[in-house]
Every structure is written in C-alpha cells, then in structure tokens.
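The following account leads the reader through a structure by way of its side-chain interactions. Please keep the sequence and the three-dimensional view at hand while reading.

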Amino acid sequence: MRGRNKNWLVRIIAGGGLGLLVGVVWVPYVTNSRECPPLALLACAGLGVVAGVATQPFAESGRELLLRSAGHFAVTAALFALLVVELEITLDWTGVLAWEGLLALLYVLIWLGRWIGWYVELSQLRELLGLAPGPSPLKWRETVPYLPFVLVLCAVVPLALRGIERAVGTDFPALTGIVYPLFILPVASLCAGLSLGRRRGLCPLFPLACFVCYLPMVYVLDQTVALLHCFMTAVPALAGNIMGRVFPRKASKEGPGYGN
C-alpha cells in the first residue's frame, strides 16, 4: 500500500511539473505575449496532474473504476475548459462545448482500448479452459472487438475535427490535413496494432479495416490527399501488428483496472 501511494505521489509531482513546464513554454506562444496568464498555467499544471494520475490503476472493482473514471473526466473537462477560455481559443460556450466534445472522444478511445484489452484477455482465458473455438480464418473473429475503436479513430474523430474547422471558418484544414493524419492517427493505429498482435498474433484484416474505415473521409473531407492518409493508419497498424507478433505480451499479474 505504501509503495502504491508513493507511485501516486511521484506521478502527481511529475505530471504537474511537466504540465507547468509545457504551460510556461507554450502559453506565451499561443497568446503572443511574454506574460503567462496565471489561470492558464494553473490549468496546464492541473492537466499534467490528471494525466499523471491516469497512468495509475483507478480501482479493482468495476463499479469503483467507473465512478473514479467519471470523476477523473469531470476534473479534466473543467481544467480543459478553463484553459480554452483563458487562451481565448474560442469566445462562446458553443466553441467550448466543441472542444469538450473532442476531449470526450479522447476518453472514448481510451475506454475502447481498455475494454478491448479486457475482452481479449477474457477470450484467451476461455480458450485456455477449452470453452472457445480455435483461431478463425484470417483471424477475423479476433479482429472484430477492435472494430469499434477503429471506427471512432478513423471516422468519428476526423468528422469532429472537420466540424470544428468549419465552425471556426479556417481556410486551411490544419487539424484534418496535418495534425491528426500525420501525428495522432499513425501513433494510435500503431498502438492498437501492437496490442492486437501481442494478444492475438498476426491479424491481416486489422490494417485493412483501418484503411477501409478511413477511406470515406477522402470524400467527406474533400481532400484528394486524404487517400494518402488511409495509408497513415493502415501501414502503422500493420507495423504494430507485426511488432506485437514478434514481441508478445507477458502475462499480467494485475487484476481489472490495471493497464489495457
């Protein structure tokens, strides 16, 4: 118990310090000022703390895990709203709600990732007990639990980002054209593929599903270059899947609520 409390304290201090450092460097750049708004710095430090706390297991029971996760989201949403207002990223409540919606999507992705991990571990346990069928052709059955994550990652999030761009009235789609497809999408696809590969081995349908789910964005986003973005999810997904197959996941001794 003492060791766990020490881990919490270390993550709180490290997260808060890193968040404060990011605020000192980033906030003046955003506000075009040498001075840092105190509330903005406080929000950055607070977001660093909640991010550090999120790396620790919340609970061992399902109900407690759900309640603490809801509380964590509420605190994060309040700090994030404060940061958005202080930096004048948006000037009305509808804009704040739009940014809060993106934060909620991030939580949905995280929860889907954890749910997939628990579901797959339960399936593996059933297989060890001889209660589940053997591997399916091309591992299609093993890939199905990851499809909700892929749909949110490759369809819901790009549409939400595009909606923000249209609401702001920007001429250059920086979010859907650069930030998301070149940085966030490949990393998330790689991590998902790595998770699947470690638990289920090589699943060739997973990168194909990523490609197909992002393909409609070529027409929705009205960007011919978006076709290249399909490969920005499919190729990392395949690479992660292969890496997971080569470096399988070690058996975990922790209970529910630990890791993904």
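The paragraphs below treat aromatic pairs, nonpolar cores, one glutamate, a helix bend and salt bridges in turn.

The model is a predicted one. A search of the whole structure for paired aromatic rings returns five such pairs. In one of them, the ring centres of phenylalanine 73 and tyrosine 107 are 4.8 Å apart and the ring planes stand at 75 degrees; because planes over 60 degrees apart count as edge-to-face, this pair belongs to that class. The two partners come from distant parts of the chain: phenylalanine 73 sits in helix H3 (residues 62-86) and tyrosine 107 in helix H4 (residues 93-128), with their positions 34 residues apart in sequence. Phenylalanine 73 has a relative accessibility of 28% and therefore counts as partly exposed. Tyrosine 107, at 15%, counts as buried, since the limit for that class is under 20%.

Tyrosine 146 and phenylalanine 206 make up another aromatic pair, also edge-to-face, with 5.9 Å from centre to centre and 75 degrees between the planes. Tyrosine 146 belongs to the loop between helix H5 (140-143) and helix H6 (147-168), while phenylalanine 206 belongs to helix H8 (residues 205-214), so the pair ties together parts that are 60 residues apart in sequence. Both tyrosine 146 and phenylalanine 206 are buried.

Phenylalanine 206 also leads to the nonpolar interior. The largest nonpolar core has 32 residues, and those that touch the most other members are Phe149, Leu153, Cys154, Val157, Phe206 and Tyr214. Two or more residues of this core come from each of H4, H6, helix H7 (174-200), H8, helix H9 (217-220) and helix H10 (226-246). Which element gives the most to this core? It is H6, with nine residues. Phenylalanine 149 may serve as an example of the contacts made: setting aside residues up to four places away in sequence, phenylalanine 149 touches Leu109, Leu112, Gly113, Ile116, Ala188 and Ala192. Apart from the largest core there is a second, separate core of 16 residues, with Cys44, Ala77, Val84 and Leu87 among them.

Attention now turns to a charged residue. Glutamate 165 is placed in helix H6. Is glutamate 165 buried or exposed? With a relative accessibility of 3%, glutamate 165 counts as buried. The side chain of glutamate 165 reaches two backbone nitrogens: that of alanine 174 at 3.4 Å and that of leucine 175 at 2.8 Å. When neighbours within four places in sequence are left aside, the residues in contact with glutamate 165 are Thr170, Pro173, Ala174, Leu175 and Thr176. Glutamate 165 also forms a salt bridge with arginine 162, in which the closest N and O atoms are 3.0 Å apart. Both residues of this bridge lie in helix H6, three residues apart, which is about one turn of the helix. Arginine 162, with a relative accessible area of 18%, is likewise buried, the limit being under 20%.

Helix H7 deserves a separate remark. H7 bends by about 60 degrees at tyrosine 180, and proline 181 follows within four residues. After H7 comes glycine 201, which has a positive phi near 80 degrees.

How many salt bridges does the structure hold? There are three, one of which is the pair of glutamate 165 and arginine 162 described above. Another joins arginine 68 to glutamate 64, with the closest N and O atoms 2.5 Å apart. Arginine 68 and glutamate 64 share helix H3, where they are four residues apart, about one turn of the helix. Both partners fall in the partly exposed class: arginine 68 at 43% relative accessibility and glutamate 64 at 32%.

The salt bridge between glutamate 121 and arginine 199 has its closest N and O atoms 3.5 Å apart. This pair links distant parts of the chain, glutamate 121 being in helix H4 and arginine 199 in helix H7, 78 residues apart. Glutamate 121 is partly exposed, with a relative accessible area of 28%, whereas arginine 199, at 8% relative accessibility, counts as buried.

Note on methods. Residues are numbered from 1 along each chain as its sequence is written. This is a predicted model: local features need pLDDT of at least 70, side-chain atom pairs count only at pLDDT 80 or more; totals for chains, interfaces and linings use all residues. Side-chain values use heavy atoms; hydrogens and water are left out. Rings of Phe, Tyr and Trp (its six-membered ring) pair if their centres lie within 6.5 Å; planes under 30 degrees apart count as stacked, over 60 as edge-to-face and the rest as tilted. Buried means under 20% relative accessible area, exposed over 50%, partly exposed in between (1.4 Å probe, protein chains only). A nonpolar core is a set of buried Ala, Val, Leu, Ile, Met, Phe, Trp, Tyr and Cys residues joined through side-chain atoms within 4.5 Å. Contact means heavy atoms within 4.5 Å. A polar contact is a pair of N or O atoms within 3.5 Å; within protein, one must be able to donate a hydrogen and the other to accept it, and residues adjacent in sequence count only if both atoms are side-chain atoms. The bend at a residue is the angle between axes fitted to the seven residues ending there and the seven starting there. A salt bridge is a side-chain nitrogen of Lys or Arg within 4 Å of a carboxyl oxygen of Asp or Glu.
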